[in-house]
Amino acid sequence: MYLDYAATTPLLPEAAAAMQPWLQSNYGNPSSLHAEGRRAKDAIDEAREIVSTALGCLFAEVIFTSSGTEAANLAIIGAALANDNTRRKRILLGAAEHHCVLHTASILQRLGYKVELIPVDRLARIRLDALEQMLSDDVLLVSVMHANNELGTMQPVAEVARVTHRHGALYHCDAVQTFLGSPWTVQDIDADLLTISAHKIHGPKGIGALYIRAGTMIKPLTTGGGQERELRAGTESVAGIVGFGEAVRQIPKMPDNRRAARDAFQQGLHSTAAIPSVANREDILPGHVHVRFPGIAAETMLILLDRLGVSASSGAACSSGSIEPSHVLLACGYSEEEAKEGLRFTFGHETSTQEATEAAARVIEAASQIRKGHERQTTEGKLRS
Ligand code: PLP
């Protein structure tokens, strides 16, 4: 049972079929002037039309990148490069942002910017009062995501945009977890820069896009050919872009069982065991559940769940095979121990309610097996001493 849709989603058959010709027979370089090249360019433009319509923006305001990560890097570092001759020398990043935003800090610092983290509350929501206090006319850019990828909590993005713009700063929104998950447009968020990614919405991996509001100044991170309005040099992945466009076209037509599956899963958990949940149900992504089993490391739980046929995630980074404490939970004020206990279950459009109920039973089974193991160890320890 795959319950890790926030990490990635399966490629839609329609997207795979749309990509196929661009992987083989239609091999033209979109920068070439001949017929093959023009066909490839038209295919990219068609996808750009679909994506920009879905975002509610102009065709020319979308540029394709190799990932959500690259789009966020381009937004933040690109804005820093384009505005380095102004007195705006501070950049504010939400403390619970994805690493593709947070890890821009070292480059920004080398470019002479002061990077500050905006505190979040217990549910990883930005503290607007803190943001307002931090803002002044020396801030170049604020980056606050649309929804947190670990806890699934929605951010007060319209308010973030309002206070940010009041101080003349740019607003970048990482909307990777929310694109097409609910109806919104870039106007609703009022972002100057906004990041999305194809593989979270049943498109191919290795394709993202950046919305750049007309008139917003950014500089490219790659130099070479003049692709993507000279903002992202490099021959485009035509098949990937076409697959992205097709996924965007198809998603609204798909039956969506995320909420029902999530509810069945939560009901399954709560009917048998009281499990403290970090995030409550309001203002949370429809397919997200985040739980902690106090005293049980997420890593132990995930290994056992995998054996029981449930694929879930901690949502946190994995380094040399072991799970680091989640930087999101640490930012929320949890201890290092607690920040290693977070488990994320995320449901897809096609997850069935039965699957979700069965998964909940296996989660309870895994927790009880681990607890029994702990108890045995404690008793054996006592007997030995
Ligand atoms: N931002 C958020 C909130 C994400 O969840 C992810 C992926 O996990 C990314 C950015 C990075 O996107 P990509 O995998 O396309 O680089």
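A residue is called buried here when its relative accessible area is under 20%, and the views below come from a predicted model.

**View 1. Ala124, a residue with positive phi in the loop between β3 and α6.** Ala124 lies in the loop that connects β3 with α6 (128–134), and its phi is near 70°, a positive value in a residue other than glycine. Because the limit for the term buried is under 20%, Ala124 falls within it, its relative accessible area being 0%.

**View 2. His202, a residue with positive phi in the loop between β6 and β7.** Although His202 is not a glycine, its phi is positive, at about 65°, and the residue sits in the loop between β6 and β7. With a relative accessibility of 3%, His202 also counts as buried. Most residues other than glycine have a negative phi.

**View 3. The antiparallel pair of strands β6 and β7.** Strand β6 (residues 193–197) and strand β7 (residues 208–212) run antiparallel and are joined by 5 bridges, and one of the residues concerned, Leu193, has Ile212 in β7 as its bridge partner. Helix α2 (residues 35–55) packs on the sheet, where it touches β1, β6 and β7, and the direction of α2 makes about 115° with that of β1.

**View 4. The open sheet of 7 strands and its edges.** The strands follow the order β1-β7-β6-β5-β4-β2-β3, and their pairing is mixed. At the edges stand β1 (62–65) and β3 (114–118), each of which has a single partner strand, so that one side of each is left without a neighbour in the sheet. From one strand to the next, the twist averages 20°.

How values were computed. Residues numbered from 1 in each chain as written. Predicted model: local features only at pLDDT ≥ 70, side-chain atom pairs only at ≥ 80, totals over all residues. Heavy atoms only, no water. Pairing = 2+ DSSP bridges. Helix = DSSP H or I, 4+ residues; strand = E, 2+ residues; numbered from the N terminus. Axes fitted to C-alpha atoms, helices over the stretch in contact; angles between N-to-C directions. Contact = heavy atoms within 4.5 Å. Buried < 20%, exposed > 50% of the residue type's maximum accessible area, 1.4 Å probe, protein only.
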